[in-house]
Amino acid sequence: MPTNFTVVPVKDGRKSREDDDVDDNNVFREEDEDAPFPGDGMPKESSPFINNTDNDKGNLYDGKNMALFEEEMDSNPMVSSLLNKLANYTNLTQGVKEHEEADDDEGPAKTKKPVKSPALGTLIGVYLPCLQNILGVILFLRLTWIVGTAGIMESLAIVVMTCSCTMLTAISMSAIATNGVVPAGGSYYMISRSLGPEFGGAVGLCFYLGTTFAGSMYILGTIEILLTYIVPSAAIFKAEKKEDEAEALLNNMRVYGTCCLTLMSLVVFVGVKYVNKLALVFLACVILSILAIYAGVIKTAFEPPDFPICLLGNRTLQNHNFDQCLKTMEVDNVTITTKLWSLFCDSPDLNATCNEYFTLNNVTVIQGIPGLTSGVIRDNIWGDYGPNGMLVENKHQASEPAADTSQDIYMPYVANDITTFFTLLVGIYFPSVTGIMAGSNRSGDLRDAQKSIPIGTIMAIATTTFIYISSVILFGACIEGVVLRDKFGDSVKGNLVIGILAWPSPWVIVIGSFFSCCGAGLQSLTGAPRLLQAIARDGIVPFLQVFGHGKANGEPTWALLLTGGICEIGILIASLDAVAPILSMFFLMCYLFVNLACALQTLLRTPNWRPRFKFYHWALSFLGASLCLSLMFISSWYYALVAMLIAGCIYKYIEYRGAEKEWGDGINGLSLNAARYALIRLEEAPPHTKNWRPQMLLLLNLDSDHAVKHPRLLSFCTQLKAGKGLTIVGSVLEGTYMTKEAEVKKAEQNIKSSMTTERTKGFCHVVASSNLRDGFSHLIQTAGLGGMKHNTVLMAWPGTWKQSNDPVSWKNFIETVRETTAAHQALLVAKNVDSFPTNADRLGQGTIDVWWVVHDGGLLMLLPFLLRQHKVWRKCKMRIFTVANMDDNSIQMKKDLQMFLYHLRLDAEVEVVEMHDSDISAFTYEKTLVMEQRSQMLKQMQLSRTEREREAQLIHDRNTASHAALNDKADAGPDRVHMTWTKDKFLTERNRNRAEASMGVRDIFNMKPNQSNVRRMHTAVKLNEVVVNKSQGAHLVLLNMPGPPKNRGGDENYMEFLEVLLEGLNRVLLVRGGGREVITIYS
């Protein structure tokens, strides 16, 4: 349904526009200088048709009616300006722009020529180029042979399959090509922008290889026509024996093909514009040749041409070396032998020894082209496949078999030069339906690409399909089967088989097909380097970047050299029948991904997917993709595997080394949909214990430059995760996001850089918060999405908490411990994390010691197992220590623990450590007393700091009051001066605080330690002694982390307990479970 626009004029309210120009300009100039509008801080999005310049900015909001929007005009232009830019939009292809940029780089003094507006219509721009690219060498050189070998029915099946494949691909391509402008690069551009750079690069290079090998095929076709049908005497290698003819032909093809390739490459290098101008001439040759064929077919209905075929028995003979199909003839009443006799006998005498089959059978002459009304179509309905060397025979002729057939290969019979079967013919025929991308490649030259590409391409395929189907039927209805199976026309004196059908002369087809193949070869050598240049300039394949350069006018010189080299490989193969299946694979793979791209975009319902061409459906695209895949394996399963392997290697290379590109491709959309589906499924139920793995939230501290303080924490996370599961790296900056936006982005970039260095795969999230405590709390609560949320928090031990006068650091740490406990998440705290191994280190023989004091879900058992999967820790052995009290049976505990580990499938040494109930030592008592005295002194210092702050506040208030009184005595009153402290109040408070402080100092030296703290200190000291004794030399010690006290007044004591517990140990990982079982003995 069309959209209606109404343009409403807005009256300015001013009498004369000219009168106010100067004033308005001055006003805006002053505003620009004094108060520039920063907007929203977002950079402008680049657009293909909006190119704002400084000169435009002054006119965008000229007038008072739009003043409400003037601050946004820099990023959101007026509709009138937008429509003006749209009206002046020129449909330049990407390739044209790049060539112009290349001109600027290499020749800055040159001036650009004005770009002509595209003017090609559907007929000239799409239909005829597609027709020229589709019709070609296979039609003239192989279609008659395919009809004779496969029969009319199977040939029709081949044509219908291949043409259906290209028609479905054309429908998908039309949808993609009409969903916006398709610049130079054609199918490569469509696939890469729809499926991403990896698929685009892989399939683009496959399409390039297909186009290059197509050039080889066309050159081989040109040489075959030249040496077989035009000037056979020009052959350099000549066969002395019949069995050497095939090898001599291949060598001639190699020599002449190489010369032809060199000549064509020079033509393309020197004058590519002449190649484009001659395209119409080559197309005329194709059309005239096809018209000559149809004219000849019509003529056979009432006057068949005279092309006699000589049969010996039922075997077809090559009639190069004899004129009369007779063994003997009467001349002046004397019987003499013919040239045919001398080919089969050892002498021209009548009593000579002759070939047995020649003696037993008579020669027969039949017409090679009986005509439409002859009924020969009945004999050509079904195929006649056979091995290499099988003789071409007429099954309806009588024949006496000979006992000895060993000499048949030396006789002048027409025989198969290759083994024939249905799937081989599919591979050979398929190149005759390629070339459907010619229209989309020229989209920049079309007057209306959205309309011309679908109509022109589909009409070209429909036309060529009609030509192929009618040709199959007419060839089978007009030409004798043995002639159809004669690939090189040996039975018709070396004439082109399709040529003997044509009217007025076989030379029409011979010359027409020769120039057609020449033109197609030149077009391939012109198009393939430009395709490679487009891929190279996209920068997705690093080693191809050299091929993005060219001459001053942008011509791809280096790409042409590579194309010529690859093309030479095809020419050295030398056989048209061997090269055709190779390029079939590459084209089929390209068409496969065009169909997949259309189906994917349709199913994902991408907002930008709005093709002008409406006659498409995802089912048709999937059918086309399935047909392409089937034809690949039908044609040649081993070539198909090789082509897929090449594409797969290129895909993985681009994924590993290629430049990252964001093209809004369908694979990203597919990944998003798959992720959404998986997240919804994950949220339905919590993971089973068997599937539990640590999903990490890594809390990092940053230095003043927003760099990572402890990069080894990232290394440890990598070693623990081995790339599996979820990793979220988070940090917090103090402040508001509005003021810290740039710093947040810088911090994220630094963290991502460190993650890349440490090979940590995961996500980065930096938040700005009013204080660190709330920031880390928000991360713990909100990091992750749906079912993909973290279940474990990893952080570093605050090593400098004692040296810091500010208690915020250790208070934040303890609050984070409480947060994770409340959120039922596991907590890992790494002490001395800077001494942990890097990913490049390889720890030798050593141990990972696990001190299993309390059971909190089995995380202590699981972590060493996960660490030992990484090559850093692989050689380390696992030891598990557990603590037994006086009333425990140590021996039974050890047996039970060994059995438990056996069921868990964990290899570890087990040791039970007994801790006897001993009296609390004086050292423990003294350490507890020192801890409590230190805590009490810090509180007194805090009170002194508060007192100093109040005194400073009083001075500040006095200064404020006196300043206000001097400025405005009349207004100076209680409303203008707000004194927080009066002098009397301050003196009273200070005396009270001093009295309390003096009492507090006396109390510090007279206080006794709290018994609960003494018991806890005793546990920490004794456990530390045992751990240090057993595990001081371990590579890593894992230890249960005690929980913080419920009473927040003992937070500092808690830190002291942990410090005592970890004293004397190098690498320690404190582990606190999340309140659920994470390891199970069941399968």
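The axes of helix α11 (residues 272-300) and helix α16 (residues 449-478) come within 11 Å of one another and cross at roughly 35 degrees. This is a predicted model, so to speak: local features need pLDDT of at least 70, side-chain atom pairs count only at pLDDT 80 or more, and totals for chains, interfaces and linings use all residues. Residues are numbered from 1 along each chain as its sequence is written, and side-chain values use heavy atoms, with hydrogens and water left out.

Back to the two helices. Helices here are DSSP runs of H or I with at least four residues, strands are runs of E with at least two, and both are numbered from the N terminus. Axes are lines fitted to C-alpha atoms, for helices over the stretch in contact, and angles run from 0 to 180 degrees between N-to-C directions. The crossing of α11 past α16 is left-handed, a label used when the near helix is turned anticlockwise from the far one by less than a right angle (clockwise would make it right-handed). On the α11 side, the contact (heavy atoms within 4.5 Å) is made by Ile290, Ile293, Tyr294, Val297 and Thr300. On the α16 side, Phe466, Ile467, Ser470, Ser471, Leu474, Phe475 and Cys478 take part.

Next come the aromatic rings. Rings of Phe, Tyr and Trp (its six-membered ring) pair if their centres lie within 6.5 Å; planes under 30 degrees apart count as stacked, over 60 as edge-to-face and the rest as tilted. By this rule the count comes to 22 aromatic pairs. One of them joins Phe344 and Tyr413, a tilted pair at 5.7 Å centre to centre with 55 degrees between the planes. Phe344 sits in helix α12 (residues 339-344) and Tyr413 in the loop between β5 (363-367) and α14 (422-429), so the pair ties together parts that are 69 residues apart in sequence. Phe344, at 5% relative accessibility, counts as buried, and so does Tyr413, at 1%; buried means under 20% relative accessible area, exposed over 50%, and partly exposed in between (1.4 Å probe, protein chains only). Phe430 and Tyr591 make a tilted pair too, with 6.3 Å between centres and 55 degrees between planes. Here Phe430 belongs to the loop between α14 and α15 (438-441) and Tyr591 to helix α21 (residues 576-604), so parts 161 residues apart in sequence are tied together. Both Phe430 and Tyr591 are buried.

Phe344 and Tyr413 also belong to one aromatic cluster with Trp341, Tyr357 and Phe358. Two rings of this group have a charge over them, meaning that NZ of Lys or CZ of Arg is within 6 Å of the ring centre and within 35 degrees of the ring normal. The charged end of Arg315 sits over Tyr413, 5.1 Å from the ring centre, while Lys327 lies over the face of Phe358 at 4.5 Å.

Now for the sheets, where two strands pair if DSSP finds at least two bridges between them. One open sheet has 3 strands in the order β2-β1-β5, with antiparallel pairing. Its edges are β2 (315-316) and β5, each with a single partner strand, so one side of each is left without a neighbour in the sheet. Strand β1 (residues 308-312) pairs with β5 over 5 bridges, and Leu311 stands opposite Thr364 in β5.

Another open sheet has 10 strands, in the order β8-β7-β6-β9-β10-β15-β14-β11-β12-β13, and its pairing is mixed. At its edges stand β8 and β13 (909-914), each with a single partner strand, so each has one side without a neighbour in the sheet. From one strand to the next, the twist averages 20 degrees.

Within this sheet, 5 of the 5 residues of β14 (residues 1036-1040) are buried, so the strand is largely enclosed by the rest of the structure. Leu1036, Leu1038 and Asn1040 cover one side, Val1037 and Leu1039 the other. In a regular strand the side chains alternate between the two faces of the sheet. Strand β14 runs parallel to β11 (residues 846-852), joined by 4 bridges, and pairs in the parallel sense with β15 (residues 1068-1072) over 4 bridges. In strand β7 (residues 727-734), 7 of the 8 residues are buried, so β7 is likewise largely enclosed by the rest of the structure. Strand β7 pairs in the parallel sense with β8 (residues 763-769) over 7 bridges, with Val729 opposite Cys764.
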